[in-house]
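Open the structure in your viewer and keep the selection panel at hand. Each stop below tells you what to select and what is there.

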Amino acid sequence: MAYDLSFAQDVYKNSEMGHWIKMCKQCGVCAGSCPLGPHWEYSPRQLFQLVRGGKKEEVLKSQSMWMCTSCYNCIVRCPRGLPITHIVHGLARYASVKGYADPNQVTNRFATKIFWTNIVSTGRVGEAMLTMRLYFVDGLAAGIQRGLEMKDSALGMLMTKRLNPIPFRGKIKGYAGFAAMIAKAQELEAKREAGA
Amino acid sequence: MADDQAASRTILVVGGGISGLTAAVEAAEVGHTVLLVEREPQLGGRVSQHFQYFPKLCSPSCGLEINYQRVKNNPRIRVLTLAEVEAISGQEGDFTVRIRQHPRFVTEKCTACGECSKACTTMVANPFNFGMDQVKAIRNSHPMAYPNCYFMDAEYARSAEARTLPCPVGAIDPDMQATVLEEHVGSIVWATGWRPYDAEKIQPYGFGRHVNVSTNMRFERLANSYGPTSGRLLRPSDGKEVKKIAFIQCAGSRDHNHLPFCSRVCCLASMKQATYVREQYPDAQVTIYYIDLRAMDRYEGFQKKVEADPGITWIKSKPARIDEDPASKDPIVIGENTLTGIRYADSYDMVVLATGMEPTSATTARVPGHSAAYDEYGFVVKGGQVLSSGCAASPLDVAGAVQASTAVALKAIQAAAKRG
Ligand SMILES: Cc1cc2nc3c(=O)[nH]c(=O)nc-3n(C[C@H](O)[C@H](O)[C@H](O)COP(=O)(O)OP(=O)(O)OC[C@H]3O[C@@H](n4cnc5c(N)ncnc54)[C@H](O)[C@@H]3O)c2cc1C
Ligand code: SF4
Ligand code: SF4
């Protein structure tokens, strides 16, 4: 189907911050502000216009909303005050829920597996392990190469105590409370998305 | 009793730009007494800083000149320059106002011969040209100024040299003091106009950091023969002729971080300024970046005329930021062309930010006391004791400001007739 007229309405209602898409005036500031701009298939501006035009397949199959690094450049400049970063993350989540997202897409894999497992298993981010897993996401050889490229930065961070080399072991104090909180959030999210 | 009636009929007009001038002469020409209070040393407001008027591209001085004649020939209008309203009490039909007039240090005897200015050795940044050049500390703002009477900067008046300046008619008085007047008036028209939005606040565009990024009001002065370059369009960093120039629309307008409203004139102002460039340098290339073009109502013909010029390129895009080439000082405009989706980084000799009109009543010209009603942007609107006209009431072009001010003159007459 080329145009799905219910798509925009559904995004406004069920994608996080999706209703803001109505406010976009297509000025292009977000696209020009994004440091990864040239690598997106569609700029945020284009994504929003595709949503409004009912181009469901184009939007949900696109890699674009997985490209956002949360730098917030677009948010501070958008003349209409759209929370672009959050809308884009919302669309990524929406695509996942609708079964469009490729689980092997690198950002998807990082966010839903590597980062998620890292934080949920202990209750806090273990930086060293997280960085390692990110580096080796494309296999051993690529990981070693990436590690070598970044070694000066890593050493600098170590020297200034910005990186803890010892992997964090064990769980945070009160882990049970943390786990209960996550479980509750997941329950609420599932309920909301089931209604969608 | 007769005295009392006359007093109740006096109309106070605050601001001597095109709007205040219009309200003043319209009310006076049907027989009412008018007191016109202007903060600057001369009348004319922002219009006197423009090079040409859209849509006819004639000089604004002729339109102003006619109004100055009407003021000069009408004994019912009293003009106070360098003056501000400090306090207002009472209500429609019966106001008492306190006005402070700052010293001019030159009396009305001045014939504008310029002898004093020739002898003066102190130079100051020229406020009339937005500080882009230097002028004498005793001067006229521009040759068309009305009243055609010189003035001296307050700081200079305290210098030893100020006491030695020659004047064939003895008009110079460095000891002149401020005066405070109390007046009874029947109605008040607030016509304090606008000021250019502060371009430094639009951080990603680099005004104030990038030397060749300018603003539309500065560009009016650059094009003007009494401007800092005597009317030649030369860029600030190296005086190079401006052959490749970009205009950026809605710079700080229609933007929730800046002025949320549309100023209605800046699209037309950029189109007009594009003609300045094309006229002066027939081989120049002009680019206009816009979200959507707003040539309000009857100005569409003007837009069509400008659009017919092949030397002007239109790019539908609000640029994200402006960088500067460190060696050439060329500004580089960066953004996304929203019709093609292609990202650009285009370099120019100079970039002009089409900044909007911020009501002075929001900041430097608040109505004293509680007699005015404001809208969310600081324009003076209906609902208070004080009437408003021109750009103090909403963003307007000159024709719109004149129309609105003529209408307000009638309201001011009616309000003045009310018994307090
Ligand atoms: C870049 C640019 C180009 C433009 N070009 C055109 C054009 O080509 N054609 C056109 O039709 N319009 C043009 N305009 C619009 C035009 O400038 C306005 O319509 C016009 O200035 C409105 O006049 P005004 O009297 O309302 O305000 P102003 O011109 O701002 O006059 C207000 C007066 O009040 C005085 N004042 C301020 N505060 C006080 C105070 N507290 N007490 C006493 N006096 C005070 C000021 O000194 C000033 O003299 C342009 C605008 C811009 C931004
Ligand atoms: S910056 Fe804001 S208004 Fe402009 S295109 Fe992007 S989302 Fe839309
Ligand atoms: S007139 Fe044009 S440049 Fe000015 S605020 Fe309106 S749309 Fe923007």
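The tour covers one chain, two ligand sites, the contact between chains and a few backbone details.

**Stop 1: chain A**

Keep in mind that this is a predicted model. Select chain A and colour by secondary structure. You should find eleven helices and zero strands. Read along the sequence, the pattern is α-α-α-α-α-α-α-α-α-α-α. Turn the C-alpha trace onto its principal axes: chain A spans about 50 × 40 × 30 Å.

**Stop 2: ligand 2**

Next, select ligand 2 and show its surroundings. 13 residues surround ligand 2. Which of them are the closest? Label A:C24, A:C27, A:G28, A:C30 and A:C78. Two elements of chain A, α2 (29-33) and α3 (44-52), each give two or more residues to this shell. Colour the shell by residue class: nine residues are nonpolar, two are polar and two are charged. Now switch on cavities. The space that ligand 2 takes is the second largest cavity.

**Stop 3: ligand 3**

Move to chain B and select ligand 3. Around ligand 3, pick out the cysteines B:C250, B:C262, B:C266 and B:C267, which are among the surrounding residues. Add B:R254, B:R264, B:D292 and B:R294, which are also part of this shell. Complete the selection with B:Q249, B:S253, B:S263 and B:V265. Strand β14 (244-251) and helix α7 (266-280) of chain B are the elements that give two or more residues here. How does the shell around ligand 3 divide by class? Five residues are nonpolar, three are polar and four are charged.

**Stop 4: where chains A and B meet**

Show both chains and select the contact. Chain B gives 18 residues and chain A gives 19. Together the two chains bury about 1,400 Å², with 47% of that on carbon and sulfur atoms. On the chain B side, select B:K318, B:E336 and B:R343. These residues lose the most area to chain A, together 37% of what that side buries.

Stay on B:E336. Side chains of opposite charge can pair when their charged atoms come close. What does B:E336 form a salt bridge with? The partner is A:R45, and the closest N and O atoms are 2.6 Å apart. The count between chain B and chain A is one salt bridge. Over all chains, the count comes to 31. Trace this crossing pair back to its elements: B:E336 belongs to strand β18 (residues 331-336) of chain B, and A:R45 belongs to helix α3 of chain A. Helix α3 of chain A also appeared at stop 2, in the shell around ligand 2.

**Stop 5: backbone details**

Finish with three loops. First, select B:F54 and B:P55. The peptide bond from B:F54 to B:P55 is cis, with omega near 0 degrees. B:P55 sits in the loop between β2 (34-37) and α3 (60-72) of chain B.

Then select B:Y146 and B:P147. A cis peptide bond joins them too, with omega about 0 degrees. Look for B:P147 in the loop between β8 (138-139) and β9 (151-152) of chain B.

Last, return to chain A and select A:K161. What is the sign of phi at A:K161? Phi is positive, about 60 degrees, although A:K161 is not a glycine. A:K161 lies in the loop between α10 (151-159) and α11 (175-195) of chain A.

Definitions and conventions: Residues are numbered from 1 along each chain as its sequence is written. Chains are lettered from A and ligands numbered from 1 in the order in which they are written. This is a predicted model: local features need pLDDT of at least 70, side-chain atom pairs count only at pLDDT 80 or more; totals for chains, interfaces and linings use all residues. Side-chain values use heavy atoms; hydrogens and water are left out. A residue is near a molecule or strand if one of its heavy atoms lies within 4 Å of it. On a 1 Å grid over the protein atoms alone, a cavity is a set of points where a 1.4 Å probe fits but cannot get out, and a pocket is an open set with protein on both sides within 12 Å along at least five of seven lines; lining residues have an atom within 4 Å of a point. A molecule sits in a cavity or pocket if more than half of its atoms lie within 2 Å of its grid points. Helices (H or I, at least four residues) and strands (E, at least two) are DSSP runs, numbered from the N terminus. Ala, Val, Leu, Ile, Met, Phe, Trp, Tyr, Cys and Pro count as nonpolar, Asp, Glu, Lys and Arg as charged, and the others, Gly among them, as polar. Contact means heavy atoms within 4.5 Å. Buried area is the accessible area (1.4 Å probe) that two parts lose on being put together, summed over both. A salt bridge is a side-chain nitrogen of Lys or Arg within 4 Å of a carboxyl oxygen of Asp or Glu.
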